[in-house]
Amino acid sequence: MKLSDKNIFSLPGYKSNKHLPEIMTVTSGKGGVGKTTISVNLSILLSRYKKRVLLVDADIHLGNVDFVLGIRPKYTMADVIAGDIDLRDIIIKCSQGIDVLPASSALQDLMEKEEDILKTIFNAFAILGDKYDLIVVDTGAGISGSVMSFVLGADKVIIMVTPDPASIADAYGMIKIIKQTHSDIPIMIITNMVDTSEEGESLYKKMELMVHRFLNGSVIYGGAILKDNLISNSIRQQRPLVLNHPNSTSVNILKIIARRYLQLPNLGENKASFSDRFVPYQDIIIGAGE
Ligand SMILES: Nc1ncnc2c1ncn2[C@@H]1O[C@H](COP(=O)(O)OP(=O)(O)OP(=O)(O)O)[C@@H](O)[C@H]1O
Ligand SMILES: [Mg+2]
């Protein structure tokens, strides 16, 4: 039986809707704006608040969380989908204090298995959920159905935006879908690659004004991360910034963002079960267009 044919929420190990972890999805619309950088570093910082964190690389075809963390997954989701290995055995315990569900590598043969990969990840939420307090989902670029599945199923969403007009337009497009379909999900904006913190804050204010005026909603300010060579160097060195340069300005800002994240309103108690929240991506596409 193919994984996609199974009712994933009746698999052994799935427990009822109790002690569910919080799901934070990091997204942007536009590519290359810092989603993975922030997902990795915020996950490590949040794990220091006695949170058991699972970082999920949900950039299905081009995931690089493993690269940023400098880890080498032995098995991938391809092995789980093939039925060769248990889902639990592809989770990597990182020395940085977080666990990671890596994306698949060697994806050429998996191009047509996107739905299977999605179900494997949703399955991980269900089976592993009670082991974690927080699941951080690093999405790929765009607003494809698979990305929107993770966004619209989340408890909280972080949207990365840079001063690039294309990034602003894509971030607004993402916020519009969320506000029109799931208006209760708190959205935190992190501005990235700005020249000054003032520029970052005014970029947030511009977004907040648009959301207020045209969508009758609001977004929350996370903080502004400046263009910083230490960030790009850390990626090249495959060592997360928070470990590589723990006393840098960018890490201090990330710590403020982590604290602000922890203060976001929590709607977890009112949320539906995973099986209602994480639905096949074709359904999301239809729903989002209504
Ligand atoms: N504040 C910053 N200053 C300098 N470089 C940065 C900054 N933030 C991110 N970068 C660099 O930008 C590049 C893209 O970052 P990252 O991979 O985190 O983006 P992404 O949104 O995950 O991309 P993708 O959409 O491809 O998944 C990386 O090389 C990273 O080092
Ligand atoms: Mg990325």
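1. Buried residues make up 46% of the 290 residues in the protein chain. Keep in mind while browsing that this is a predicted model. The chain holds twelve helices and eight strands. As for how the chain folds back on itself, take the contacts with a separation of 6 or more: 77% of them are between residues 24 or more positions apart.

2. A word on confidence before going further. The mean pLDDT of the protein chain is 86, and 85% of the residues reach 70 or more. Two stretches call for caution. Over residues 1-17 pLDDT stays under 50, and the model has 24 contacts beyond four places in sequence for them. Residues 286-290 also stay under 50, with four contacts beyond four places in sequence.

3. Now the sheet. What is the order of the strands in it? The eight strands form an open sheet in the order 3-4-2-5-1-6-7-8, and the pairing is mixed. The edges are strand 3 (92-93) and strand 8 (220-226), each of which pairs on one side only. At one of those edges, strand 3 runs antiparallel to strand 4 (residues 99-101), with two bridges between them. Lys93 has Asp99 of strand 4 as a bridge partner.

4. Two helices that pack on the sheet are worth a look. Helix 4 (residues 114-128) touches strand 2 (53-58), strand 4 and strand 5 (134-139), and its direction makes about 170° with that of strand 2. Helix 6 (residues 165-181) packs on the sheet too, touching strand 1 (22-27), strand 6 (156-161) and strand 7. The direction of helix 6 makes about 160° with that of strand 6.

5. Strand 7 deserves its own point. Strand 6 and strand 7 run parallel and are joined by five bridges. Among the bridge partners here, Val157 goes with Ile187 in strand 7. Is strand 7 enclosed or open? Eight of its eight residues are buried, so strand 7 is largely enclosed by the rest of the structure.

6. Helix 5 (residues 145-152) tells a similar story: eight of its eight residues are buried, so the rest of the structure largely encloses it. If you want to click through them, they are Gly145, Ser146, Val147, Met148, Ser149, Phe150, Val151 and Leu152.

7. One of those residues, Val151, leads to strand 1. The C-alpha atoms of Val151 and Val26 are separated by 7.9 Å, although the two are 125 residues apart along the chain. Val26 is found in strand 1. Why does Val26 count as buried? The cut-off is 20 or more other C-beta atoms within 10 Å, and Val26 is buried because it has 29. Leaving aside neighbours within four places in sequence, Val26 is in contact with Lys35, Ile38, Ser39, Val136, Val137, Asp138, Thr139, Ile158 and Met160.

8. On to the ligand. Which residues come nearest to ligand 1? Of the 19 residues around ligand 1, the nearest are Gly31, Lys35, Thr36, Thr37 and Ala141. The elements giving two or more residues to this shell are helix 1 (35-47), strand 7 (187-194) and helix 8 (229-237). By character, the shell divides into six nonpolar, nine polar and four charged residues. Note that Lys35 appears both here and among the contacts of Val26.

9. Two loop residues have backbone angles you may want to check. Asn216 is not a glycine, yet it has a positive phi of about 55°. Asn216 sits in the loop between helix 7 (197-215) and strand 8, and it is exposed, with 9 other C-beta atoms within 10 Å. Gln238, again not a glycine, also has a positive phi of about 55°. Gln238 lies in the loop between helix 8 and helix 9 (241-244). With 13 C-beta neighbours inside 10 Å, Gln238 counts as partly exposed.

10. Finally, look at Lys131, in the loop between helix 4 and strand 5. Lys131 is partly exposed, having 14 other C-beta atoms within 10 Å. Where the chain is concerned, Lys131 and His19 are 112 residues apart, but their C-alpha atoms are separated by 9.2 Å.

Technical notes:
Residues are numbered from 1 along each chain as its sequence is written. Chains are lettered from A and ligands numbered from 1 in the order in which they are written. This is a predicted model: local features need pLDDT of at least 70, side-chain atom pairs count only at pLDDT 80 or more; totals for chains, interfaces and linings use all residues. A residue is near a molecule or strand if its C-beta atom, placed from the backbone, lies within 6 Å of it. Helices (H or I, at least four residues) and strands (E, at least two) are DSSP runs, numbered from the N terminus. Ala, Val, Leu, Ile, Met, Phe, Trp, Tyr, Cys and Pro count as nonpolar, Asp, Glu, Lys and Arg as charged, and the others, Gly among them, as polar. pLDDT is the predictor's confidence in each residue, from 0 to 100. Two residues are in contact if their C-beta atoms, placed from the backbone, lie within 7 Å. A residue is buried if 20 or more other C-beta atoms lie within 10 Å of its own, exposed if 12 or fewer, and partly exposed in between; C-beta atoms are placed from the backbone. Two strands pair if DSSP finds at least two bridges between them. Axes are lines fitted to C-alpha atoms, for helices over the stretch in contact, and angles run from 0 to 180 degrees between N-to-C directions.
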